[in-house]
Amino acid sequence: MSEVKKVRIATCSLAGCFGCHMSLLDIDERLFDLLEVVEFNRTPLTDIKHCSPCDVGIIEGGVCNAENVHVLKEFRKNCKVLVAMGACAITGGLPAMRNNIDLWDCFQEVYRYEGGLEGGQIPNDPELPLPFDKVHPIYEVVKVDYFLPGCPPSGDAIWKFLTDLLAGREPKLDYEQLHYD
Amino acid sequence: MEPCEYPHIEDQLAPIVGRHGGGDATHLLQILRDVQDHFHFIPPEAIGCLASHLNLSRAQIEGVAGFYSFLSLSPQGEYRVLFSDNITDNMLGKPELMQYFCNKLWVEPGKVSEDNLVSVDSTSCTGMCDQGPAALVNGWPLTNLDQNRLDLISELIRIKKPVAEWPEMLFEVRDNVQRPGMLLGEAFEHGAGIRAMLARGAEATLKEVDVANLRGRGGAGFKTASKWTFCHAAIAEEEGSMICDVGGNPERFIVCNADEGEPGTFKDRVLLSSYADMVFEGMTVGARVIGARKGFLYLRGEYRYLLKPLEAVLSRRRANGLLGENILGETGFSFDIEIHLGAGAYICGEESALIESLEGKRGRPRNRPPFPVTRGYLGRPTVVDNVETFACAARIAEKGGAWFAAMGTAQSTGTKILSISGDCARPGIYEYPFGVTVEEILRDCGAEDAHAVQVSGPSGTLVSWQEFGRRIAFEDLPTAGAFMVFHRQREMFAAAHNFTHFFAHESCGFCTPCRVGTQLQKRIMDKIANGHGTPADLEELKHVGHILGTMSHCGLGHTAANPVLDTLKKFPGTFERKLKALSFEPAFDLDGALQTARDITGRDDDWAHLS
Amino acid sequence: MSKTITIDGTKISFTEGQTIMDAALAAKVYIPHLCHNPEFKPHGSCKLCTVNVNGRAVSACTMPASDGMEVENKTETLDNERRAIVQMLFVEGNHLCPTCEKSGNCQLQAVAYCLGMMTPHYNHFYPPREIDASHPDVFLDRNRCILCELCVRASRDVDGKNVFGLSGRGIGSRLVVNSASGRLGDSTFAVTDRAAKVCPTGAILIKRQGFSVPIGSRIYDHKPICQVETEGKSGGEHE
């Protein structure tokens, strides 16, 4: 008897704080139920570095630099369904607070004027991701299929969303699960 | 109110305020226009002084100063050159000419030169489409621009020659009446309409206007006699007075809407240049019928050059007993007209926004009901009619309703003046009886191989070559007068793109759907123009268009999506050719968004780029 | 015999001079709205209260009720259109709920919850907007201003001060303050003004009480605005 094919899920955090991933863990023991029907591909939990073809990709965080774009495009290419999870992925979130500060001023503040950085230089190592002028929600960079708002969305909201999705239903949050904060 | 703290500013403001109503706040816009002329912007100190003079708050004055395009809260050049940005100007080479001019003067479009001498920018259609490309220099119209003229103009600016001393030929504006009819072709004896009206009586004249079935020439086609009747009814209801109780309550107004802002429309300019008596006569007839003692001509700021000649016409009419007290000797028949200038706001063509502007406020359309006929200027019953409507009313008063109704079609009587521009041999003014087909017009104006006509401007209808049999009439193609012709080699996307910029610029910002929707529409069109459009963007345009059309506060928003939706329907290929075959494409240039960081870090490695 | 209108099939009575919104609020029927507050003169700018009357879209807050009017309010089409308008409001400003003290008490957010907004959908404008912390007791953050002019109306009509106004045009419209410096601290504004407490969003906030009610216990955290409004509690008060 062959095993039921598990739904393959990948997740990552771009310009976010990993709070949404923490909230994912807040579904607590229901994780075991989840693991009955899904397997995790690339995620911070599995430490798999690159996406294989997946059924669902869940992105936390917005797009603030060139590396974010590479990761996001890898997800979009490999995932049948892409989900934006949390305020940053959906609106830019807290990182987008820098959107009305000139990038040059940001660099100056961080690398030149900050205490203890006398003579500090603006780093130019190619390994460092280069930042965009503005932080963008992920749907402004790739097509996104579903949105799960919250900062972070509660464990219950994530659970409701995932169970709906896995059951083939249009995900629908209860009133108290839908939050932008 | 505290006295003005800036004596040097106050000294310069006092004569301006004195010229315009003393301390009457309804003259704020007129005052600010002169302040702008004088200082090349509205200085913050002047706002404080004016607040004291007019007993308004600073915020109210800043609100008005920030609303109108020709007023500016930051300093502009001593010479402010604004190029007309209508699609017809663009088709005649405006973008290249404007760049040429900027290069010559070392100034960037939208900025002020470092010596504060000159600023160059675009402005919405200046109503010179038959003699474009056109521009305004400190508000005065420049026509038929080409490199030679711009060379001369930049030289005049460089030597700081006052605009008043520039060669007259630069400012020549022609009527270009190509096909006159009963309004433009037949002689009109000054006073004939008023005389006939007085002989017949006001009530009987209203009947003639009714029999004539005169409908508003601004495009909406509301029956003029009904509007005038409602205005009476409002008075009667409020004060129990009789219809046509001439000499009774003075508090009702008649307003001539000469805010001809619809791109591609310039027939009111010609009526006011050469047929002003007919227009004022129509207003006087209307005033008698509704019992108004005061009338306004709201003249768009772009036509300020007409102010002096029009004032002269008014003076002459006063001298001839056609305006003022006891007109033509009729005791108690008093009526006079005041001209108010706009300051660059298309929305003021909407009658309730126009009334707000007349009151010296931001031109924001009011909530309706109540309608202006019951509560208009200063809350009093007010009739607002188009320039051409008044000209027709004068003719009807003179010759009778049956004469008028014999022209045109049953539902659209009389004639319609069209302003024709774009790809045709003989642009200009054409007057036709209603019912004329697009095809006949195209033949008359020498438009060969036309494949589209934008009838009644961006807010009107795009007519494709398959529909050239359609007729100019309220029942088929209603129009305020614009008729812009596009040759089959023209890219229709460019016209729709231009119109989305127009609406985004002119949205008053009051209601959410129009304020944001016109921006969204513009941004999507920019994205497509830049080669990043996808089929999903077309769906988004339709969706935004639907929201604009159904949810907006006034006609501007309701019609702002017409050009895009019409073009999508009638010329889908013009969009499709520009689209990428992808399902999704970001609206911003990913690699471009890294440029600032590349500049800061000096990096140019592979990881510093995105393809 | 009293006059009535019908909203979504339910007859409600009204008195002469009432708008559709007045009649609906009196009958505890919720019509989404942001710029409307029954205390002030109707404005009609946000367009959330758009309803269909005899097939025509009108603003419920400004349209006088008339006998026999058939009003469509809670339809899927209208709610979709209203959601689009809320999304427009979200992208035209800088509404970063996690950073905002008003979160949970914010009517913009609450209406968005009510309409099931999962994403702002449109591309964000991220406009540069000014913040004004000059006043000792009140904070003005234009990033969150939705141009409803409730503060303008309250200051003009109730406080008699005209502290606020709008300038600019179109997407450049902006809230201005009546003082020579343009700063709130230099105006006659006082924390006790009615205008300090009418902002439906977090654009005008009273200082030093931001988190006196914790996130999670706020007006709309557990109860949708449609319920709060029809229970007669005035929303948007800064609690």
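Among contacts in chain A between residues at least 6 apart in sequence, what percentage join residues at least 24 apart? The figure is 77%. The structure described here is a predicted model, and this report takes its chains in turn.

**Chain A**

Chain A contains 6 helices and 7 strands. Read from the N terminus, its elements follow the order β-α-α-β-β-β-α-β-α-α-β-β-α. Chain A thus begins with a strand and ends with a helix in this listing. Along the principal axes, the C-alpha atoms of chain A fill a box of roughly 65 × 35 × 30 Å. Chain A has 181 residues, and 44% of them are buried.

**Helix 12 of chain B**

Helix 12 of chain B covers residues 276–290, which is 15 residues. From its first C-alpha to its last, helix 12 of chain B reaches 21 Å. That is close to the 21 Å expected at 1.5 Å a residue. Is helix 12 of chain B mostly covered or mostly uncovered? Helix 12 of chain B is mostly covered, with 15 of its 15 residues buried. The residue that follows helix 12 of chain B is G291(B), and its phi is positive, near 80°.

**The contact between chain B and chain C**

Chain B gives 31 residues to its contact with chain C, and chain C gives 30 residues. On the chain B side, four helices each supply at least two residues: helix 4 (58–67), helix 18 (492–506), helix 19 (512–529) and helix 20 (535–551). Which helix of chain B gives the largest share of this side? Helix 19 of chain B does, with 8 residues. By class, the side of chain B that touches chain C has 13 nonpolar, 14 polar and 4 charged residues.

**The two domains of chain C**

Chain C is divided into domain 1, residues 3–73, and domain 2, residues 84–230. Taken over C-alpha atoms, the centres of domain 1 and domain 2 of chain C are 24 Å apart. The contact between them takes 13 residues from domain 1 of chain C and 19 residues from domain 2 of chain C. The side of domain 1 of chain C that touches domain 2 of chain C is made up of 7 nonpolar, 3 polar and 3 charged residues.

The table sets out the classes for the two sides described above.

| Side | Nonpolar | Polar | Charged |
|---|---|---|---|
| Chain B, touching chain C | 13 residues | 14 residues | 4 residues |
| Domain 1 of chain C, touching domain 2 of chain C | 7 residues | 3 residues | 3 residues |

Note on methods:
Residues are numbered from 1 along each chain as its sequence is written. Chains are lettered from A and ligands numbered from 1 in the order in which they are written. This is a predicted model: local features need pLDDT of at least 70, side-chain atom pairs count only at pLDDT 80 or more; totals for chains, interfaces and linings use all residues. Two residues are in contact if their C-beta atoms, placed from the backbone, lie within 7 Å. Ala, Val, Leu, Ile, Met, Phe, Trp, Tyr, Cys and Pro count as nonpolar, Asp, Glu, Lys and Arg as charged, and the others, Gly among them, as polar. Domain bounds come from an automatic or database domain assignment. A residue is buried if 20 or more other C-beta atoms lie within 10 Å of its own, exposed if 12 or fewer, and partly exposed in between; C-beta atoms are placed from the backbone. The expected span of a helix is 1.5 Å times one less than its number of residues.
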